[in-house]
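Work through the exercises below with the model open beside you. Try each task before reading its solution.

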Amino acid sequence: MATAQPKLQADPPGARRNEWILVVFTGTTNVADAVARIALPLLAAHISRSPIVVTAVAAIMSLPWLVAALHIGVLVDRMDRRALLMAAEIGRMLSVGALLVAVLAATPTLALIYTAALVIGLADVVAGISGVSIVPSAVPKHRWETANARITALEYLFNGFAGQPIGGFLVAIGFGLALSVTGFAYVVGAILLLLLVGNFKVAAPPTTQKRSVNKDIREGLRFLWQHRLLRTMALLIAIMAGCWAAWLALIPVYAVGGPLGLDERQYGFLLTCLGAGGVIGTVIVGPVNRWIGRRWSMFTDIIGAFGLVAAPALLPAAPSSAWIVGAAAFVAGAGGTMWTVNSRFITQSLVPADMLGRFSAASRLVAWGMTPVAAILAGILAQIFSYRVAFGFFAALCVLLIYPFFKVVTRERIAEVDGPTAAPATPAPRGGQDENAGTTDGGEDVPETTTAGGSR
């Protein structure tokens, strides 16, 4: 089903500038993230060859999504979103700087690596929620899909296609150089944020009651739970994110010194396949949406996630399998970006601006909360049984996603998002909310075209 095309509109002053600043900021920050996510696990692998010890780095990096996302979501809806992005960049710079000093002094420890991973992971939560929430304030709605596609393209281009081989190349030269480049990229990202134009703190609805953090958290969770389409999308991505987390956690020790027998540089180029697919996905997502509709475009992510973990589970554990593992990663990358671009558009269309932080936190808690669990579970399964069992377990989970996807992500629901009257559903007012607001007695969500309170 073809999607509706937005009418051409005049851009407000500074809108295009903001769009390109956010795009370039995404590129610099994701270069740094890519190098860090290669350097830290490989640095841990130089200290210990235990799969659990190495996968713990990835688990710790994703742990803040499970334990801190909801409270950070409240901050994003209360504070200046650009200031929060800046704080995240500064936190990353300090953690990488501390690790760089230890590497130069030849005294890196697992405790320091884990601490740096935790700080980077916490900063990733702040930046991730703030970054999604700042787009409606910085870019006009008719530019959201284009801006999201460009931002997602840079995420995959620099965190995968370019970032991963750069990270592998820098690590091969030396961890000191890799961490120095990472810190410099974070500095550049912080400078770019200063160039944004506009007000990035969304005014809360007027109320005479003191705002409670816990009540705000419950409001975000309730909004997610009562919207069937958004709730189901979050649950689906939870499983797919778990598959990605398991693959990313195991692949360093599986590929480098493991069954694939790759060196650090070859490992970086293996991960390039993931990024290359992601870049292609952002290029084709618009035409694919118009050709077969958002629904089928998003379904490719389920296919890709299955192939990502099924390839190492089914193929021989030998260097000859590296090419097919890379091809599966390419398909997964393309599917992942097509889901991301479409899901961001759907979220920004259906969620009010003053709810975006809390909703994004609640959604990502569900969607990404499984990633540290999946990373640890993958390491345990690989150590107790085998890599094949670990990857195969997550491949089986992907198969279970097909029925709920087609049951809930229907053509009719997607058409409401793209329709000319589509608008965010109104959140329940602060204080004294109706627990059943936004749903029918049967638990179905109300039409997504409910009039929104306030402009997005």
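The exercises cover confidence, fold, core, surface, salt bridges and two loop residues.

**Ground rules**

This is a predicted model, in which local features need pLDDT of at least 70 and side-chain atom pairs count only at pLDDT 80 or more, while totals for chains, interfaces and linings use all residues. Residues are numbered from 1 along each chain as its sequence is written, and side-chain values use heavy atoms, with hydrogens and water left out.

**Exercise 1. Find where the confidence is lowest and highest among the helices, and list stretches below 50.**

Solution.
- Step 1: take the chain average. pLDDT is the predictor's confidence in each residue, from 0 to 100. Its mean over the protein chain is 79, and 84% of the residues reach 70 or more.
- Step 2: compare helices. Helix α6 (residues 144-161) is lowest, at a mean of 73. Helix α4 (residues 81-104) is highest, at 92.
- Step 3: flag the weak stretches. Residues 1-8 have pLDDT below 50, with 16 contacts in the model beyond near neighbours in sequence. Residues 421-456 are also below 50, with 83 such contacts. Contact means heavy atoms within 4.5 Å.
- Step 4: draw the consequence. Where pLDDT is low, predicted coordinates should not be read in detail.

**Exercise 2. Describe the fold in totals: how many helices and strands does the protein chain have?**

Solution.
- Step 1: count elements. The protein chain has 17 helices and zero strands. Both are DSSP runs numbered from the N terminus: helices are H or I, at least four residues, and strands are E, at least two.
- Step 2: check burial. Of the 456 residues, 59% are buried. Buried means under 20% relative accessible area, exposed over 50%, and partly exposed in between (1.4 Å probe, protein chains only).
- Step 3: check contact range. Among contacts with a separation of 6 or more, 89% join residues 24 or more positions apart.

**Exercise 3. Which residues touch the most other members of the largest nonpolar core?**

Solution.
- Step 1: define the set. A nonpolar core joins buried Ala, Val, Leu, Ile, Met, Phe, Trp, Tyr and Cys residues through side-chain atoms within 4.5 Å.
- Step 2: read off the hubs. The largest core has 130 residues, and L40, L230, W247 and I346 touch the most other members. Helix α10 (residues 228-255) contributes the most, 17 residues.
- Step 3: inspect one hub. Beyond four places in sequence, W247 contacts residues including L271, L308, P312 and F391.
- Step 4: look for a second core. Another, of five residues, lies apart, among them A149, V285, V288 and M338.

**Exercise 4. Which residues make the nonpolar surface patch of about 510 Å²?**

Solution.
- Step 1: list members. They are I52, I376, I380, I384, F385 and V389. Patch residues have over 30% relative accessible area and no salt bridge; like charges are joined within 9 Å, nonpolar side chains (Val, Leu, Ile, Met, Phe, Trp, Tyr) within 5 Å. Areas come from the Shrake-Rupley method with a 1.4 Å probe; for residues, only the protein chains shown count as cover.
- Step 2: assign elements. Helix α14 (residues 370-384) gives the most, three residues. I52 sits in helix α2 (residues 51-67).
- Step 3: test I52. Its relative accessibility is 35%, so I52 is partly exposed.

**Exercise 5. Why does the salt bridge of R150 and E19 tie together parts far apart in sequence?**

Solution.
- Step 1: confirm the pair. The closest N and O atoms of R150 and E19 are 2.7 Å apart. A salt bridge needs a side-chain nitrogen of Lys or Arg within 4 Å of a carboxyl oxygen of Asp or Glu. The count is 10 by this rule.
- Step 2: locate the partners. R150 is in helix α6 and E19 in helix α1 (residues 15-47), so the bridge links parts 131 residues apart in sequence.
- Step 3: compare burial. R150 is partly exposed at 28%, whereas E19 is buried at 1%.
- Step 4: contrast a local pair. E89 and R92 bridge at 2.6 Å; both lie in helix α4, three residues apart, about one turn.
- Step 5: find the network. D77, R78, R81, D216, E219 and R358 are linked by salt bridges.

**Exercise 6. Place A106 and P316: buried, partly exposed or exposed?**

Solution.
- Step 1: A106 lies in the loop between α4 and α5 (110-138). At 63% relative accessibility, A106 is exposed. Its phi is positive, near 60 degrees.
- Step 2: P316 lies in the loop between α11 (264-314) and α12 (322-350). At 48%, P316 is partly exposed. Beyond four places in sequence, P316 touches S321 and R388.
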